[in-house]
Amino acid sequence: MKASNMTNKILPTLSMLVYIFLWAPVIILVLFSFSSNRFGIKWESFTLQWYFDIIGNVAVRDALIRSLTIASITIVVATIAGTIAAYGLYKYKFRGRGALRTTILLPMVMPSVVTGGALLVFFSRAIHIPLGYLSITIAHITFCTPLAMFVVLGRMARIDWSLEEASADLGADRLTTWRKITIPVLLPAMIASAALIFPWSFDDFIITYFVAGVGTTTLPIYIFSQLRFGATPVINTIGTILVVLPIISVLLMRFLQKKK
Amino acid sequence: MENREGIPCVELRNVVKRFPGVTAVDHVSLKVEQGRIFSLLGPSGCGKTTTLRLVAGFETLDEGDVLIDNKVVNDIPAHKRNCSTVFQTLALFPHMTVEENIGYGLERKGVAKDKIKKEVGEVLELMQLGGMEKRRPSQLSGGQRQRVALARSLVLRPKILLLDEPLASLDRKLRKEMQTEIKRIQREVRITFLYVTHDQKEALTISDTIAVMANGRLEQVGTPNEIYETPRTRFIADFMGAINIFLGKVIATGSSQEVQLETADGLKIIAIKNKGIPSEEITGISVHPELIDILPEGTDLEGDNKFRGKIIEMNYQGDFTETRICLNQVDRIITAHLSNEPGQNVRFSLDERVLLCWNRHSSKILIG
């Protein structure tokens, strides 16, 4: 067999196998969410019953609202803090600048269990914040702000900063320049950060679990607690929704972009 | 906006600006005349842009004074100075339309909305940008963006317009068109222009006064004619294109201001000097390539400066061919331009032996 022949046949086959391996669990999850089996682990007959059940399920609804609320607050605070940090680090020269930047970016690369454990000790021993939704939100802001800073900092390197000088030259003071020129120009980067922060916060399990304490439930924590009781169709249903929704929104965004 | 006679629009008095490791502006003093185009010309890193930024207020000076309209402005921040800058990158606000860009400065001044619309409309007419109001900068051509940048600054009627190599990113043809445009606009609005460029042809085309800078210092200030015809130093001569430089001392003088200079390697060159310049101060002579004639080796003619040599390089440039000749007499290379015009019936080729000749009036005196 010639070398090119091998790559022509083997490479696509290999890729297909990898894709199947990655997506099989998800596809099975989606399929079984429509199965009438009570445990959601094998196929019996087609039903939408579990989806109707979810709507009335108070626990799921509460957990979902919690996760969305925490994610929303996190997005707003982390994006603002991250943008301000990026601006300061990019535009001003001071001693320890490089070290500060590395330190702020550190939580992004630290293992979640380390971050979670450290925050748990911090909340319960160092500053005595009760574990609950407040501690979860603070924790999320802590590990999402570096992400916002990273994205905005990257974008700042590609902006023509004489725009700010031009604004000053035309008579705008610092605050007006910031408001009318700097923020609008940084807005795409800020929106990109928000789009990245949302899954980071919404999906987070490990750090959230560490600092949640007793009785506080986000959606990932709810799903995990349900698993303890064994497989249930609720997991399949929620999982399907959480997979399909992002896919739809990405497709929608691409469709809107093409229209432009 | 009429200025009192004699008061310069902008003045620099012994200005110094240092950056870590380098003195970017080294004791520069100059006066920019009201209502004219004044150019700062020099190679990259000579301090011309820094000088401009000191006038604009984007840099703070270390020593000396900057005066606008006879008032010291050292401590006045950029957004309060009565000058406007056209940046090299143009810095058009990408998220605003053309009319929002142009109206930005007027908005900051608190001008009423309908007045803004009127002023913007007028300046769009002046810049021949009618119909482009609602476009974004990304939807404009290079030349149109230039004009929007100019309009944005001009609509504020500043005391002085500062231009930092505004045409640097344009192609040759567009550059030439815009140079004419800029001159036309300046004559119409009669605002003082302070123009930074590294292109000596551009400076010659548009300036009323040129200040040549090198290494943070002013080398010479004068009209384009003065800078071109009587460059003071070797650096200026070379920068302006008179790249044939002969350093030496005057060994003889004649009745009508003619001098004979001898170089270290024994070449003797005849030139004409200005009445006001003493011979002792003359350090050399420069000659523009286009003023040197190339003739067949055996040509017999009367002439001031005649040298024989061999052609070692020819670069076709369209209407002329840049030709480099190595002299027989000494180890020196002269650059001359060979005309490619249709009337020219003598052709030369590489390695051919030729006679070079130029008139004493073509030799330009150097004194520094």
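The crossing of helices α4(A) and α6(A) is left-handed, a label used when the near helix is turned anticlockwise from the far one by less than a right angle, while clockwise counts as right-handed. Helices here are DSSP runs of H or I with at least four residues, strands are runs of E with at least two, and both are numbered from the N terminus. This is a predicted model, in which local features need pLDDT of at least 70, side-chain atom pairs count only at pLDDT 80 or more, and totals for chains, interfaces and linings use all residues. Residues are numbered from 1 along each chain as its sequence is written, while chains are lettered from A and ligands numbered from 1 in the order in which they are written.

The axes of α4 (residues 97-109) and α6 (residues 133-156) of chain A come within 8 Å and cross at roughly 115°. Axes are lines fitted to C-alpha atoms, for helices over the stretch in contact, with angles from 0 to 180 degrees between N-to-C directions. Which residues of α4(A) meet α6(A)? They are Ile104(A), Leu105(A), Pro107(A) and Met108(A), and among their partners in α6(A) are Phe143(A) and Leu147(A). Contact means that C-beta atoms, placed from the backbone, lie within 7 Å. The residues of this contact divide into nine nonpolar, one polar and no charged. Ala, Val, Leu, Ile, Met, Phe, Trp, Tyr, Cys and Pro count as nonpolar, Asp, Glu, Lys and Arg as charged, and the others, Gly among them, as polar.

Now for chain A as a whole: it has 11 helices and zero strands. Its C-alpha trace spans about 70 × 65 × 40 Å along the principal axes.

Where does chain A touch chain B? On its side, 15 residues are in contact with 16 residues of chain B. The elements giving two or more residues to this side of chain A are α7 (162-169) and α8 (174-202), and α7(A) gives the most, with six residues. By class, this side has eight nonpolar, three polar and four charged residues.

Chain B holds an open sheet of four strands in the order β2-β1-β4-β5, with antiparallel pairing; strands pair if DSSP finds at least two bridges between them. Its edge strands each pair on one side only:

| Edge strand | Residues |
|---|---|
| β2(B) | 22-32 |
| β5(B) | 71-72 |

Five bridges join β1(B) to β4(B), and the bridge partner of Leu12(B) in β4(B) is Val66(B). Helix α1 (residues 48-56) of chain B packs on the sheet, touching β1, β2 and β4 of chain B.

Methods
Contact = placed C-beta atoms within 7 Å.
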